[in-house]
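Student: I am new to this structure and would like a close look at a single part of it. Please take that part slowly, and then place it in the rest of the chain.

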Amino acid sequence: MEARPMRPGYRTYGGAMYLTDDLKHVTKIVLQGTAYTPSDPEFAGALYVFRSGGVYEAVGGPHTVHAHYLDAALVTTCIREMDADHPFRRLLSPFTIASLAVTFGANLSIANDGAILERFGGFQPEGVKMMVREWTKRWRMESFADQLKRKGTAGLSAEAYPYGHFAEKLSYIFDKLADDYMDEYWPTDKDVAADAGLQAFFKSYHDLFPKKTCPNPPPPTCATRATLRSMTSRFMFAVTAQHEQTGNTADSLLAYDAGFVSVPAHGSLKDLASLQPSKQQRVAVQYIQGLTSKHAPSLYQADPKDFQRFLLPDCDPSILKRYMARLWRLHTEVSGFKVAHGIELRPMSAPALDPIDLKIAVTV
Ligand SMILES: [Fe+2]
């Protein structure tokens, strides 16, 4: 991140954080080759700069490039090219319909040349492009549970890794929904491979990917239920849990605990107030959120009739009933964890994975 070019007047983002073996304490922060330890007067400022870069990276990478661009926007585009009565389009529509509402405003206000990503942040346009390329490179069509396995962090307890523990459960709920739905429409791999609509969707999704910068684009064909499950589960996770876990931009700014858009270069690491965003910048981010935010239904719905009406009339209603029952179980487990650990019971309090709080599609 430190290699990305900044505009004059803005401090370079990024750096390195060193932790104790139990990951509980920071031993030093290194910014552009200079180390700051907890006894240094600059330490709080160095932590602030590092954290601000982290917030930018979370919002710019897994949130914007992945959840918005490569998952929501491209899938929504390809799904809308399918036959309106194709069962795959019917299943994904509740997860894409709100994306249509937010994409127009977000494109104008956030992603266009000269919009918020370029105008507000400290990066030069080339710095923004480097970020987009970096995160395009990291995209893979894998479920969240498979991602944890690849990284060696699957199966950890709620105490060791609260987000990973509950997010893994949510990922399996999406897998199970995909399995139940495939049992209804594509009971075998052969059925998947023979479905012309599914093959057209995968070809179209593959073709839209920026393949020069993405070494792992979605495959151009889908021959097995396992591939269809990965695509479905990943997509549902990306537009719900991943989008909201990485997207509380306004919260970060309002809490005054991250620069997000920029850290002024003239600020001193010994004086936190001198590093924080200006009032105008904070107000402007609130405007952007106000202009682009669209609410979507919750992921969990006590009565799934509004979800069921997206599906074909002959689709077995017990599929959604079982899916909602699993989400409700996850809700009770997350709430129980919060109560046991004295975490405030409010929407999106950590670990921010309650299916009642999560939205069914990307919002702002
Ligand atoms: Fe978003």
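Tutor: Leu23 sits in the loop between strand 1 and strand 2. This is a predicted model, and every value below is computed from it. The phi of Leu23 is near 65°, which is a positive value in a residue other than glycine. The loop belongs to a hairpin, formed by strand 1 and strand 2, with six residues between the strands.

Now the two strands on either side of that loop. Strand 1 and strand 2 run antiparallel and are joined by four bridges. One pair to look for is Tyr18 and its bridge partner in strand 2, Lys28.

Following the chain onward, strand 2 covers residues 26–31 and also pairs with strand 3, again in the antiparallel sense, over three bridges. Here Ile29 stands opposite Tyr36 of strand 3. A second hairpin connects strand 2 and strand 3, with two residues between the strands. In this hairpin, Gln32 is the residue with a positive phi, near 45°.

Put together, the two hairpins give an open sheet of three strands in the order 1-2-3, with antiparallel pairing. Its edges are strand 1, residues 16–19, and strand 3, residues 34–36, each of which pairs on one side only. From one strand to the next, the twist averages 20°.

The sheet also has a helix against it. Helix 1 lies across strand 1, strand 2 and strand 3, and runs at about 70° to strand 2.

Helix 1 can then be followed to another partner. Helix 1 spans residues 43–79 and helix 8 spans residues 196–208; their axes come within 9 Å and cross at roughly 140°. Angles over 145 degrees would count as roughly antiparallel. Helix 1 and helix 8 are therefore oblique to each other. The crossing in which helix 1 passes helix 8 is right-handed. On the helix 1 side, the contact is made by Leu74, Val75, Thr77 and Cys78; on the helix 8 side, by Phe201, Ser204, Tyr205 and Leu208. Sorted by class, this contact has six nonpolar residues, two polar ones and no charged ones.

As for the whole chain, it holds 13 helices and three strands. Its radius of gyration is 21 Å, close to the 21 Å given by the globule rule for 364 residues, so the chain is as compact as a globular protein of that length. Along the principal axes, the C-alpha atoms fill a box of roughly 65 × 45 × 35 Å.

One more backbone detail lies further along the chain. The peptide bond joining Ala350 and Pro351 is cis, with omega about 5°. Pro351 is found in the segment after helix 13, a helix that spans residues 318–340.

To return to the part you asked about: Leu23, with its positive phi near 65°, lies in the hairpin of strand 1 and strand 2, and those strands are part of the open sheet of three that helix 1 lies across.

Terms used. Residues numbered from 1 in each chain as written. Predicted model: local features only at pLDDT ≥ 70, side-chain atom pairs only at ≥ 80, totals over all residues. Axes fitted to C-alpha atoms, helices over the stretch in contact; angles between N-to-C directions. Parallel < 35°, antiparallel > 145°, perpendicular 65-115°, else oblique. Left-handed = near helix turned anticlockwise from the far one by under 90°. Contact = placed C-beta atoms within 7 Å. Nonpolar A, V, L, I, M, F, W, Y, C, P; charged D, E, K, R; others polar. Pairing = 2+ DSSP bridges. Rg over C-alpha atoms; globule rule 2.2 N^0.38 Å.
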